[in-house]
Amino acid sequence: MQTSPQPTAAAPLMTHRQIMFVIFGLMAGMFLSALDQTIVGTSMRTIADDLDGMALQAWVTTAYLIVSCISTPIYGKLSDIFGRRPLFLIAITIFLIGSLLAGMANSMYELAAFRAIQGLGAGGLMALPLTIMGDMLAPRERAKYQGYFLAVFGISSVIGPLIGGVLSGSESILGITGWRWVFLVNIPIGIVALVIVLRYLHIPHFARPVRIDWWGATTVILAAVPLLLVAEQGRVWGWNSPAAIACYAVGVLGIVGFILAERMMGDDALIPLTLFRSQTFSMATVLGVLVGFGMFGAMMTVPLYLQLVNGATPTQSGFLMLPMIGGLMISSIASGQIIARTGQYRIFPTIGTAFMSAGFLTLTFLNADRPVWFTMIGMLLIGLGLGQLMQTLTIASQNSVGQRDMGVATSASTFFRQIGGTLGTAVLFSVLFTRIPDTLRAAFSDPVALASVRAAASDPTVQADPANATILGMLSNPASVGGALDGDTSFLSTSDPRLTHPFLVGFNDATITVFWVSLAVVLVAFVLSFFLKAPPLRETSAMQEAANEDAAHQAQLAADRMGALIEPGTGTREIELPAVPAAR
């Protein structure tokens, strides 16, 4: 009788110290992308004035958003094939090249092109850190660390507007125009990230034979670009314009082509359709789209509301967003600790969407005379909800797939959340600016407000103040009032409060409609969250699973070659030996 040694637990492939060093590098990379989204927003008006292209500034944002969105699933799939480390290094390098070129742009067209290059790197910077986390840590352990990444997101949201305002407000720094440092500041941060990643990010990669899904990459671009483009520009072009209709047609054809290509590629597809056989992955993806819609809707409209209605500067509005960011960080850390200790995460999508719904419901009660603390209550509730949703939905998606699909599942989850955010931004801003002319006319039709405006307009002191000239000019031509908030709105900060009050009321009432739409979308997510299945979280990291599978495979090959009497890993077993023929 022969025996085999009892199997022992595999030792961890990475120590806690190694994991923390890798996390610092990942956080630096994600900080680059997260900071870039907030720092540019407050600087865009200064940039557009300097490059004489105010009407073209939307293309600068659109180019970055579209390219970063469509590159996300491509990074995920390529990292599954070639490994996380080289793809993450490539993403950082591309982002830094784009940042350097953007800092040297001499026209808005150049800036849009260079921002697209930045977006190509940003797609990897947002998706790959979460994927690498999925490799290193088991789902239960992962929840504790992902709070750090949300903290990076929160910190960048706070300091981004401040840094952007300081840099763009400077005439020059070290002989270079101030706004150019908005992009050049990425260079030192990126170099630090590169050094840390090169030094510490050494994750084993278990290669497997695959086909590269070129058709999937081509058709996802063909599907996403036209639809994202019309979502961003449809309000300007007109939703029924020839350009918009062409985008609809090309986008639909791209979607059909993408589905056919993915079916043909099977498990080697850019986004394998087999992922959607998992009810958990499918529902987490749908919830991610809806949550992305509400999240970006809040983060884009609330700062604008704070600036126009509450009179905050861009920098001040960044600080006033602290309740949302603080709520996000607190709830993400708390939910992460609970998930790590209990392994239970089923309740958090439901509680999170309930908090978000309560936040948007609170914001629907705003009016132009409400103190700013009332807005901050709504923001706090939304932040508390988001913190329970962002990491939980990612963990649910990762836990629903095997280790070989970790990258593509994480990037697909991020991709669809970005799609939801893009649609949310486009739809809600379309609703906002469609409603503004009607709400302004209604505000100026109010007898009390109209009497106050007429009294101020007839005041000689008001008439003599140049700061009131813009509004007085509009009042002399009532037809122009409806479009008063489409362009430069700086007159709201300098004019007589009696003259500006109807404009603030009109903008407030239009924004209330946006909050109602956001509330409806998040309520749908709340209902769907009850249908999210939550299988137990695995307690082994994807990297360890891959190592175990590889070791088992190698042992089996060795057994096959040597003609082993036992199969590896089956424990003690008696072997029946054939009778030996008697010698003649």
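In this predicted model, helix H14 covers residues 347–363, and because a rise of 1.5 Å a residue would give its 17 residues a span of 24 Å, the 25 Å between its end C-alpha atoms agrees with that expectation. The buried residues of H14 are Phe348, Pro349, Thr350, Gly352, Thr353, Met356, Ser357, Gly359, Phe360, Thr362 and Leu363.

Two of these buried residues reappear in the nonpolar interior: Met356 and Phe360, together with Ile382, Leu386 and Leu432, have the most contacts inside the largest nonpolar core. Helix H11 (residues 279–308) gives the most to this core. Once neighbours within four places in sequence are left aside, Phe360 is in contact with Gly294, Ala298, Ile382, Phe515, Ser518, Leu519 and Val522. A second core, separate from the one just described, includes Ile19, Met126, Leu130 and Phe183.

| Core | Residues in the core | Residues named |
|---|---|---|
| Largest nonpolar core | 63 residues | Met356, Phe360, Ile382, Leu386 and Leu432 |
| Second, separate core | 53 residues | Ile19, Met126, Leu130 and Phe183 |

Two packed helices are described by the angle between their axes and the distance between the axes. For helix H13 (residues 322–342) and helix H15 (residues 372–399), the angle is about 35 degrees and the axes lie 6 Å apart, and H13 passes H15 in a right-handed crossing. On the H13 side the contact is made by Pro323, Met324, Gly327, Leu328, Ser331, Ser332, Ser335, Gly336 and Ile339, while the H15 residues include Met376, Ile382, Gly383, Leu386, Gly387 and Gln391. By class, this contact of H13 with H15 has eleven nonpolar and ten polar residues, with no charged residues.

Conventions. Residues are numbered from 1 along each chain as its sequence is written. This is a predicted model: local features need pLDDT of at least 70, side-chain atom pairs count only at pLDDT 80 or more; totals for chains, interfaces and linings use all residues. Side-chain values use heavy atoms; hydrogens and water are left out. Helices (H or I, at least four residues) and strands (E, at least two) are DSSP runs, numbered from the N terminus. The expected span of a helix is 1.5 Å times one less than its number of residues. Buried means under 20% relative accessible area, exposed over 50%, partly exposed in between (1.4 Å probe, protein chains only). Axes are lines fitted to C-alpha atoms, for helices over the stretch in contact, and angles run from 0 to 180 degrees between N-to-C directions. A crossing is left-handed if the near helix is turned anticlockwise from the far one by less than a right angle, and right-handed if clockwise. Contact means heavy atoms within 4.5 Å. Ala, Val, Leu, Ile, Met, Phe, Trp, Tyr, Cys and Pro count as nonpolar, Asp, Glu, Lys and Arg as charged, and the others, Gly among them, as polar. A nonpolar core is a set of buried Ala, Val, Leu, Ile, Met, Phe, Trp, Tyr and Cys residues joined through side-chain atoms within 4.5 Å.
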